[in-house]
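Here's a quick briefing to read with the model open in your viewer. It goes through charged pairs first, then a helix on the inside, an empty space and a couple of single residues.

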Amino acid sequence: MNLSLYFKKFFSSNQASGIILIFCVLVSLLIANSSAGEGFQHFLDQEVGTHLFHLTYPVSIWINDGLMAVFFLLVGLEIKREMVEGELSSFKNASLPIFAAVGGMLVPAVIYTFFNSGTEYGSGWGIPMATDIAFSLAIISMLGKKIPNSIKIFLAALAIVDDLGAILVIAVFYTEQIHWTYLLLSFGTAALLFLLNFLKVTRLVFYIIPGLFLWYFLHHSGIHATIAGVLLAFSIPTNVSHVEISPLEKLEHSLHFPVSFLIMPIFALTNTNIAFTSEMVAGVTSTLGLGIICGLVLGKLVGINLFSFIAIKLKLSSLPQNSTWTQMAGVGLLAGIGFTMSIFIALLSFKDDIPIQDEAKFAILIASFLAAVLGFVILSMSSKKDMNEIEN
């Protein structure tokens, strides 16, 4: 096969972004545990930007709060489109990710607290509540068309609600100070964006520019700025027509390639640079490690599926179209990929104790790896079972 055609085929496949992301994770871990690790961390800590308007931040902050806001914008656009014309257009389907996310936050926190209540690790109860949306969607994308699209949409919506919940937990319990002036400016900017939608303004530039201000105000308010991407996405107009391309669909199409093959790989490279120490390994069997691992792997699985089952039995929600409970179990496990947000909460929980931070990081890495592998295997096996049933 011609080399250019091979690359074109690879980058157009569903699995490409997931494969590249995993490759970047491995490269980042290798760098962190080599002689180049210290230099790479120094680069990430290097402050860049302009002092004008107080926009000087380390490279890592620009990536996690800046570039990832674009990722959240794309996911938000996909969710809104599905709510208007797709899998989430009915209340029963749209409500399920909300119930599932609530269960996926509460049960892991309870499990962690069971292990660590009254100990020096007690403040870390928020660690297993978070789902890393980038990594979980990358893993499920590697399954391609083997699973129904409704399951992918469900995971994306669940992860969005979960991340919003994690951001709220951080703002209420882990943020030392909220700057209310900037927060009020954020509310005002968001209101302006939705007013533009109400007035049927369709030119994207009139949304993008206020969206940049929204990011700026949120970031300076003390709240995780990636939420700006979701708010901006939900303000951009769309339609139910399959003939006329909406502003939302135009922006969604233009963002897919840079997000999948530039932003997410950069995110993986800069957030997986964990240098292993002997103290990390020892911490896995401590109550801290057990609370994190059981919370992320078992807590997410049980919480998401238990609350989903209750909502469906009460006829408040319904299963995603063409899906099974086995696939829901797989999604519950993938949601246990806590990683970046979990590490962020761990740093906030134990800000004055580096050894405990290192133990928590390693436990999160172990839990996320287990959740990713088990979730992928279960979803892959469920798709083979469905194919066999169709053939018979």
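Start with Glu82, which pairs up with Arg81 in a salt bridge, their closest N and O atoms sitting 3.2 Å apart. Keep in mind that this is a predicted model. Glu82 counts as buried because its relative accessibility is 7%, under the 20% cut-off.

**Salt bridges**

- How many salt bridges does the structure hold? The count comes to three.
- Arg81 also meets the side chain of Glu252 in a salt bridge, at 2.6 Å from N to O.
- That second pair ties together distant parts of the chain: Glu252 belongs to helix α11 (residues 247-271) and Arg81 to helix α4 (residues 59-85), 171 residues apart.
- Glu252 has a relative accessible area of 6%, so it falls in the buried class.
- Put together, Arg81, Glu82 and Glu252 make up a network of salt bridges.
- Elsewhere, Lys300 and Asp162 join their side chains in a salt bridge, with 2.5 Å between N and O.
- Here too the pair links distant parts of the chain, with Lys300 in helix α13 (residues 287-313) and Asp162 in helix α7, 138 residues apart.
- Are Lys300 and Asp162 buried or exposed? Both of them are buried.

**A buried charge without a partner**

- Glu359 sits in helix α16 (residues 354-391).
- Glu359 is buried but has no salt bridge. Lys361 is the nearest side chain of opposite charge, and it's 13 Å away.
- So what does Glu359 touch, once neighbours within four places in sequence are set aside? Its contacts are Tyr121, Glu279, Met280, Gly283, Ser286 and Leu288.

**An enclosed helix**

- Helix α10 (residues 227-235) is largely enclosed by the rest of the structure, because seven of its nine residues are buried.
- The buried ones in α10 are Ile227, Ala228, Gly229, Val230, Leu232, Ala233 and Ser235.
- Which helices do the buried residues of α10 pack against? They pack against α4, α7, α8 (180-198), α9 (205-221) and α11.
- Two of those names should ring a bell: α4 carries Arg81 and α11 carries Glu252.

**The cavity**

- Rolling a probe the size of a water molecule over the atoms shows where empty space is left.
- Searching the whole structure turns up one cavity of 30 Å³ or more.
- The largest cavity has a volume of about 60 Å³.
- Its lining is made up of Glu87, Leu88, Asn93, Leu96, Pro97, Ser150, Ile153, Phe154, Pro320 and Gln321.
- Helices α5 (91-116) and α7 (149-174) each put at least two residues into that lining.
- By type, the lining of the largest cavity splits into six nonpolar residues, three polar and one charged.
- Helix α7 is worth a second look, as it also holds Asp162 of the pair with Lys300.

**An exposed aromatic**

- Phe23 lies in helix α2 (residues 16-32).
- Is Phe23 buried or exposed? With a relative accessible area of 55%, it's over the 50% cut-off, so Phe23 counts as exposed.
- Phe23 and Ala268 are 245 residues apart along the chain, and 9.0 Å separates their C-alpha atoms.

Key
Residues numbered from 1 in each chain as written. Predicted model: local features only at pLDDT ≥ 70, side-chain atom pairs only at ≥ 80, totals over all residues. Heavy atoms only, no water. 1 Å grid on protein atoms, 1.4 Å probe; cavity = no way out; pocket = protein on both sides within 12 Å on 5 of 7 lines; lining within 4 Å. Points joined across faces, edges and corners; volume = space filled by probe spheres on them. Helix = DSSP H or I, 4+ residues; strand = E, 2+ residues; numbered from the N terminus. Nonpolar A, V, L, I, M, F, W, Y, C, P; charged D, E, K, R; others polar. Salt bridge = Lys/Arg side-chain N within 4 Å of Asp/Glu carboxyl O. Buried < 20%, exposed > 50% of the residue type's maximum accessible area, 1.4 Å probe, protein only. Lys, Arg positive; Asp, Glu negative; His and termini not counted. Contact = heavy atoms within 4.5 Å.
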